[in-house]
Amino acid sequence: MKMAPGGYFHNENLIGVVDDLFGAGTDTVGNTLRWAILLMMKYPEIQSKVQAEIAREIGDIQPRTGHRAKMPYTDAVLHECQRFANIVPSNLPHATTMDITFKNFFIPKGTHIIPLLTSVLRDESQWEKPHEFYPEHFLDSEGKFVKRDAFMPFSAGRRVCAGENLAKMELFLFFTNLLQRFTFQPPSGTSKDDLDLTPVAGITSIPMPFKTCAMLH
């Protein structure tokens with residue numbers, strides 16, 4: 001592959017991007033799906049609404065990315081899973097490439113910046129119920145999907161996640177395929193009230209270990 005000399009895109013950059021897509025992407029998408037399954041068990045009425053929309057809009061055919069536009073409730077649930085799960089709460093460290101003044105604060109070149117995505121995804125001025133799982137955050141009064149400026153689990157700006165579009169496609173396809181075929185329930189002897197939504201602290205926010213029963217329907 002020919003690369004422009006001195007440009008931003010070169011072999012080292014290409015290798016880094018591919019590593020991110022397969023490494024970091026697999027981890028974050030996998031953990032988001034774990035959260036989604038846990039949340040569907042915790043809120044079976046939401047799971048039922050998703051399954052009803054899947055049955056109504058695509059039936060038994062193989063879900064495709066193009067179906068997402070016809071499934072606003074499912075799309076809203078997925079977005080809310082990402083917002084609530086807050087997979088990378090402190091984002092990844094960044095550094096300024098030049099001296100900059102931001103809101104009257106001078107930040108010299110090379111300063112490490114840690115952007116706290118939690119401060120946006122749980123901002124009480126931006127979300128009606130910031131600390132609850134509430135898919136209606138992404139729906140208008142007519143049930144149509146609405147974008148929210150405060151939804152930025154992939155970060156923002158020039159350093160936004162390179163795999164954002166890929167992750168969105170993967171999450172939709174995996175999630176709809178799973179709920180098209182299965183209903184997720186707590187195992188025998190466990191109720192939905194026993195399910196713990198406290199995350200395991202770390203670089204990534206993952207759910208506590210849990211067991212699930214995938215019931216064919």
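This is a short group-meeting talk on the cysteines, one helix, the salt bridges and the cavity of a single structure.

Hi everyone, thanks for coming. One thing before we start: what you see on the screen is a predicted model, and every value I mention is computed from it.

Let's begin with the cysteines. How many disulfides does the structure hold? The count is 0. Take Cys-213 as an example: the closest cysteine sulfur belongs to Cys-81 and lies 19 Å away, so that pair is too far apart for a bond. As a reminder, a disulfide is a covalent bond joining the sulfur atoms of two cysteines. The surroundings of these two residues are worth a look as well. Cys-81 is buried, at a relative accessible area of 1%, while Cys-213 is partly exposed at 27%.

Then there is Cys-161. UniProt, in an unreviewed entry, puts a "binding site" feature at this residue, so please keep in mind that such annotations may be inferred rather than shown by experiment. Where does Cys-161 sit? You'll find Cys-161 in the loop that runs between α4 (118-121) and α5 (164-181). Its relative accessible area is 37%, which makes Cys-161 partly exposed.

Now to helix α3, which covers residues 72-85. From first C-alpha to last, the 14 residues of α3 reach 20 Å, close to the 20 Å expected at 1.5 Å a residue. Is α3 mostly covered or mostly open? It is mostly covered, with 13 of the 14 residues buried. Right after α3 comes Asn-86, and its phi is positive, near 55 degrees.

On to the charged side chains. Those of opposite charge can pair when their charged atoms come close. In this model the count of salt bridges is 5, and I'd like to walk you through some of them.

Arg-56 and Glu-57 form one, with the closest N and O atoms 3.7 Å apart. Arg-56 is exposed, at 57% relative accessibility, whereas Glu-57 is partly exposed at 29%.

Another links Lys-144 to Glu-142, at 3.5 Å from N to O. Here Glu-142 is exposed at 60%, and Lys-144 counts as partly exposed at 49%, because the exposed class begins over 50%.

A further salt bridge joins Lys-168 and Glu-164, with an N to O distance of 3.1 Å. What separates these two along helix α5? They are 4 residues apart in α5, which means about one helical turn lies between them. The general rule is that an α-helix has 3.6 residues a turn, so residues three or four places apart point the same way. Glu-164 itself is partly exposed, with a relative accessible area of 22%.

Keep Lys-168 in mind, since it comes up again in our last topic, the cavity. Searching the whole structure turns up 1 cavity of 30 Å³ or more, and the volume of the largest cavity is about 50 Å³. Which residues line it? The lining is made up of Arg-68, Asp-75, Leu-78, His-79, Gln-82, Lys-168, Leu-171 and Phe-172. Both α3 and α5 supply at least two residues of that lining, and the largest share, 4 residues, comes from α3.

So if you rotate the model later, try following α3, the mostly covered helix, to the cavity, where α3 gives the largest share of the lining. From there, Lys-168 in the lining leads you to its salt-bridge partner Glu-164. Thanks for listening, and I'm happy to take questions.

Notes:
Residues are numbered from 1 along each chain as its sequence is written. This is a predicted model: local features need pLDDT of at least 70, side-chain atom pairs count only at pLDDT 80 or more; totals for chains, interfaces and linings use all residues. Side-chain values use heavy atoms; hydrogens and water are left out. Buried means under 20% relative accessible area, exposed over 50%, partly exposed in between (1.4 Å probe, protein chains only). A disulfide is a pair of cysteine sulfur atoms within 2.5 Å. The expected span of a helix is 1.5 Å times one less than its number of residues. A salt bridge is a side-chain nitrogen of Lys or Arg within 4 Å of a carboxyl oxygen of Asp or Glu. On a 1 Å grid over the protein atoms alone, a cavity is a set of points where a 1.4 Å probe fits but cannot get out, and a pocket is an open set with protein on both sides within 12 Å along at least five of seven lines; lining residues have an atom within 4 Å of a point. Grid points are joined across faces, edges and corners, and a volume is the space filled by probe spheres set on the points.
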